[in-house]
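Got a few minutes for some practice in reading a structure? Have a look at the sequence and the fold, then try the exercises before peeking at the solutions.

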Amino acid sequence: MPVVEHCCESMARQVTWECDHHANPFDCPDALIKLDKRFVEYGLIIHDSGTSTIGISFCPWCGTRLPESQRDRWFDELEALGVDPWTDEAPVEYRDGRWLQS
C-alpha cells in the first residue's frame with residue numbers, strides 16, 4: 001500500500017489512529033480523521049453511528065492545504081479500463097491507493 005505523506009505529526013497520528021477498544025474508527029470517539037486512500041480525500045468523522053465524513057481541504061492542526069482529491073481521475077481511469085465501479089469490483093490497486101503511483 002502506498003505511503004501517504006501527511007502535512008504534520010498531528011494529522012499523521014489521527015489518520016493512523018488505532019483504538020484498543022474499537023476496531024472501527026467510526027465507533028471510536030477519539031478517531032477524528034478518515035483518509036480515503038482511493039481518492040486522497042481527508043474527512044472529519046461524523047460520530048452518529050454511521051460511516052459519514054465531512055470533507056476537509058485544510059489541516060485542522062497546522063492549516064496546510066491538503067492534497068487535491070483524485071476522485072474524478074479515479075472514475076476516469078476505471079472507465080478507461082472498462083470497469084464500472086457501481087456494478088464491477090475495482091481492481092485491488094484502485095481500492096487501496098496504489099493506482100496513484102502509476
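Below are five short exercises on this predicted model, each with a worked solution.

**Exercise 1. Work out how many helices and strands the chain has, and in what order they come.**

Start with the count: the chain holds 3 helices and 3 strands. Next, walk along the sequence, and the pattern reads α-β-β-β-α-α. For the overall dimensions, put a box around the C-alpha atoms along the principal axes; that box comes to roughly 40 × 30 × 20 Å. Then look at burial: of the 102 residues in the chain, 27% are buried. Finally, take the contacts with a separation of 6 or more; 44% of them link residues 24 or more positions apart.

**Exercise 2. Find the residues of the largest nonpolar core and say which elements give two or more of them.**

A bit of background first: in soluble globular proteins, nonpolar side chains tend to be buried together. Here the largest nonpolar core has 9 residues, namely C8, M11, V15, I33, L35, Y42, I56, C59 and L66. Now map them onto the elements: α1 (9-15) and β1 (33-36) are the ones that give two or more residues to this core. There's another core apart from this one, with 7 residues, including F39, W74, L78 and Y94.

Now zoom in on one member of the largest core, L66. Skip the neighbours within four places in sequence, and L66 touches C7, M11, Y42, I56, S57, F58 and C59.

**Exercise 3. Describe the largest pocket: what is its volume, and which residues lie nearest its centre?**

Step one is the volume, about 340 Å³. Step two is the lining: 20 residues, with E41, Y42, G43, G55 and I56 nearest the centre. Step three is to sort the lining by element; β1, β2 (41-45) and β3 (53-55) each give two or more residues. The largest share, 3 residues, is β2's. Step four is the chemistry, and the lining splits into 7 nonpolar, 6 polar and 7 charged residues. Notice that Y42 and I56, from the centre of this pocket's lining, also turn up in the largest nonpolar core.

**Exercise 4. Do the same for the second largest pocket: which residues line it, and which element supplies the largest share?**

The volume is about 170 Å³ this time. Going round the wall, you meet Q14, V15, T16, W17, P25, A31, L32, I33, K34, L35 and K37. Both α1 and β1 supply at least two of these residues, and the largest share, 3 residues, is from β1. By class, that makes 7 nonpolar, 2 polar and 2 charged residues. V15, I33 and L35 belong to this lining and to the largest nonpolar core as well.

**Exercise 5. Count the disulfides in the whole structure, then explain why C7 and C59 are not bonded.**

Recall that a disulfide is a covalent bond between the sulfur atoms of two cysteines. Searching the whole structure turns up 0 of them. Now check the pair in question: the cysteine sulfur closest to that of C7 is in C59, 3.5 Å away, so the two are too far apart for a bond. The cut-off you need is 2.5 Å between the sulfurs. Seen from the other end, C59 is in no disulfide either, with the sulfur of C7 as its nearest cysteine sulfur.

Last step, compare their surroundings. C7 counts as partly exposed because its relative accessibility is 31%, whereas C59, at 4%, counts as buried.

Notes: Residues numbered from 1 in each chain as written. Predicted model: local features only at pLDDT ≥ 70, side-chain atom pairs only at ≥ 80, totals over all residues. Heavy atoms only, no water. Core = buried A, V, L, I, M, F, W, Y, C linked by side-chain atoms within 4.5 Å. Buried < 20%, exposed > 50% of the residue type's maximum accessible area, 1.4 Å probe, protein only. Helix = DSSP H or I, 4+ residues; strand = E, 2+ residues; numbered from the N terminus. Contact = heavy atoms within 4.5 Å. 1 Å grid on protein atoms, 1.4 Å probe; cavity = no way out; pocket = protein on both sides within 12 Å on 5 of 7 lines; lining within 4 Å. Points joined across faces, edges and corners; volume = space filled by probe spheres on them. Nonpolar A, V, L, I, M, F, W, Y, C, P; charged D, E, K, R; others polar.
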